[in-house]
Amino acid sequence: MENISLMAFLDPQLLLLMAVGMLIGIGFGCIPGLNTPMALALVLPITFGMEFVTAIAMLVAVYIGGLSGGLISAILLNMPGTAAAISTTFDGFPMAQKGEAMRALTLGIVSSFLGGLFATIVLMFATSRLAAFALGFGPLEYLGVAVFALCLITLLIKGDVINGFITTCFGILLSTIGSDPVDGVSRFTFGFFRLDSGVHIVLVIIGMFALATVLQTTLKSLDSVDSVEQELDGKVFFKTLKEFKGQIWNVLRSASIGTVFGILPGLGGSASSLVAYAQAKRLDKDPDSFGEGNPSGIVAPESANNAVAGGALIPMLALGVPGSSPVALIMSAFMIHGVTIGPLLITERPDILQAIFVALMISNVLMLVLQSVLLKYFAKIITIEKYILLPIMIVFCGIGAFITNNSVFNISVLLILAVVGFLMSNNDFPLTTIIMGYVLGSLVELYYRRTMIYYGSLGEAFAQPSMGMAFLVVALVVLVLSIGSRVRAYRQERA
Amino acid sequence: MKYRLYLLVLSVIPIYVLIESAGFKRRASDVSGGPGGFPSFIAALMLILIIVQLIRTFWQPSKKVVFLELFTGKTGFFLGAFVVYIVLLNFVGFLIATIIYLPITSLYLKYKTYGAIPKKQMIKETIILVVFAIGLYFFFNELINVRMPTGELF
């Protein structure tokens, strides 16, 4: 049985299908508005007639491609193709603007590969144990993790810390637009029923980052932007590889964060990459260079968001619980092929489990090879004349906004968000904290309310020591310490 | 002074949230604060932070506020063109709106960057961008089956 599943990977046709799936995933990942679930939904019907292992291998390739594809547009255009690539823009885009697009892409691609590889190895050895760990998480634990991640934002604020907190609050309030997570009451919709489902994260990312950046670019002389020479030599790839000697701990730490966040349903890639980025900044020798093209600022989020893929498969394989929508789509392929997943899969069909491990390994290698080969062509995007690139970017922003729920209304929302983003970023209000507030705010509200409903009061929730309480205490310590250090720095500056 | 005005405008957001939240009904059994509890807490926090910033402006040097730049020059044109593009999407749909929008904005930016554009180059670039718009439409509509916006007229 084992041999049949694993032997399938020796078939060149399967490898070719995986490569096609990978390219589709990368394409959908790098175009804002298109996403991994869409790519998987598109490929899923094609896999119906395939052998089970071939079908799963192709879907896994699409999944990995989709997760890593987001870094391309994030680095080159400040337009994260996926929510998980938000943190990659913080240092990836500034590095590309300095003429080091190839270096930034290489750092991102190799980190994605290493993160994915790490998570696969973890998946191979600890699937059932990690699934049991995830199963022990209640609303208080989720609340603790979300609050902890939210408090890490204080480490990332550049400039005026109060402005950073104001924009964090703004991001959180943005996440409360639409139906509330418990009662379904419509909130802050200004009477527009289309806002009942909230402001989609794609709109916030594209509006605040991409479109606001386009408007920002038009403030400058466009030929001066073009005058930055890009180093597009293939040797840059190998030169950049040497940098990973100093990034081993960053990769391991970030990939561990990604794997754990992947295991926990609902937290996802964007939260994991934000936490990994914050940790990398906190532990770096030169934290002030973050946001200006620090390589660790690319390595951390990319290692984390690709590790999420392996982590997210753990609850699916061990418990039959899909942690995210792409995983739910992969799970549906199991059902279509008559394979029941859950605790029995590990003991009764180890061949399937092994096939998934191999598919993940090959997908990560394919991702590295394909993206490295295409690297030079991706990087050329940045050398396109701005007078052509900017209008095209606007059209892609519009498409991305429209696709989220097939409505032109979304493009109007996008415009408003871009105007707000432009006015905030030009007046020393950081945009990154808006996105972080948005991503984490909805989680904090959801799990806070669930905790309260479950325990009845915070007093009851904290009556017994728990992992959730530990997370909340650590979050409080991080908040107090970082505010304290900011106040000290401010006083020294004034003195 | 302008920065204070900017902060005052910003304070409209939390004030609006606080007023709206007060109107949300809460179930008697709901101990989590109801639909308005969490947003009210965050809005109150945001308002306090804005007030702190307002107070700080009294002893800090005045800051320059970027506002009018958004509506003038290339940025203003770009913003205006995007508004027109959205209106066009509603009336003539994606294909025609994009065919109109792409060459006009691109040629305007080129003119603003490099000065007068030779006629031949203008025609060549217009054709390339029109073909790009058509290609984009077919890629989404036909190849990956994602329907692009249709207008009232087309």
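Residue A:G115 is placed in helix α6 (residues 101-135) of chain A, where helices (H or I, at least four residues) and strands (E, at least two) are DSSP runs numbered from the N terminus. The structure is a predicted model, in which local features need pLDDT of at least 70 and side-chain atom pairs count only at pLDDT 80 or more, while totals for chains, interfaces and linings use all residues. Residues are numbered from 1 along each chain as its sequence is written, chains are lettered from A and ligands numbered from 1 in the order in which they are written, and side-chain values use heavy atoms, with hydrogens and water left out.

With a relative accessible area of 0%, A:G115 is buried; the classes are buried (under 20% relative accessible area), exposed (over 50%) and partly exposed (in between), computed with a 1.4 Å probe on protein chains only. A separation of 6.1 Å is found between the C-alpha atoms of A:G115 and A:A304, which are 189 residues apart along the chain. When neighbours within four places in sequence are set aside, A:G115 is in contact with A:A255, A:S303, A:N306 and A:A307, contact being defined as heavy atoms within 4.5 Å.

Contacts between the two chains involve 68 residues of chain A and 66 residues of chain B. The size of an interface is often given as the accessible area lost when the parts come together. Chain A and chain B bury about 5700 Å² between them, with 77% of this area on carbon and sulfur atoms; buried area is the accessible area (1.4 Å probe) that two parts lose on being put together, summed over both. Of the area that chain A buries against chain B, 12% is supplied by A:L173, A:F188 and A:Y387, more than by any other three residues.

The rule for polar contacts finds 14 residue pairs across the interface of chain A and chain B, both residues at pLDDT 80 or more. A polar contact is a pair of N or O atoms within 3.5 Å; within protein, one must be able to donate a hydrogen and the other to accept it, and residues adjacent in sequence count only if both atoms are side-chain atoms. On the side of chain A that touches chain B, helix α19 (residues 386-405) of chain A contributes the largest share, 12 residues.

Salt bridges (a side-chain nitrogen of Lys or Arg within 4 Å of a carboxyl oxygen of Asp or Glu) number 10 over all chains, and three are counted between chain A and chain B. Within chain A, the side chains of A:R449 and A:D180 form a salt bridge with an N to O distance of 2.3 Å. Because A:R449 belongs to helix α21 (residues 432-455) and A:D180 to the loop between β1 (178-179) and β2 (186-187), this pair ties together parts of chain A that are 269 residues apart in sequence. A:R449 is buried at a relative accessible area of 0%, and A:D180 also counts as buried, at 4%. A:R449 is further joined by a salt bridge to A:D183 (3.0 Å, N to O), a residue that is partly exposed at 30% relative accessible area. Across the interface, the side chain of A:R449 meets that of B:D30 in a salt bridge (3.0 Å, N to O).

In chain B, a salt bridge links the side chains of B:K64 and B:E69 (3.2 Å, N to O). B:K64 is exposed, at 64% relative accessible area, whereas B:E69 is partly exposed, at 26%. Through shared partners, salt bridges join A:D180, A:D183, A:R449, B:R27 and B:D30 into one network.
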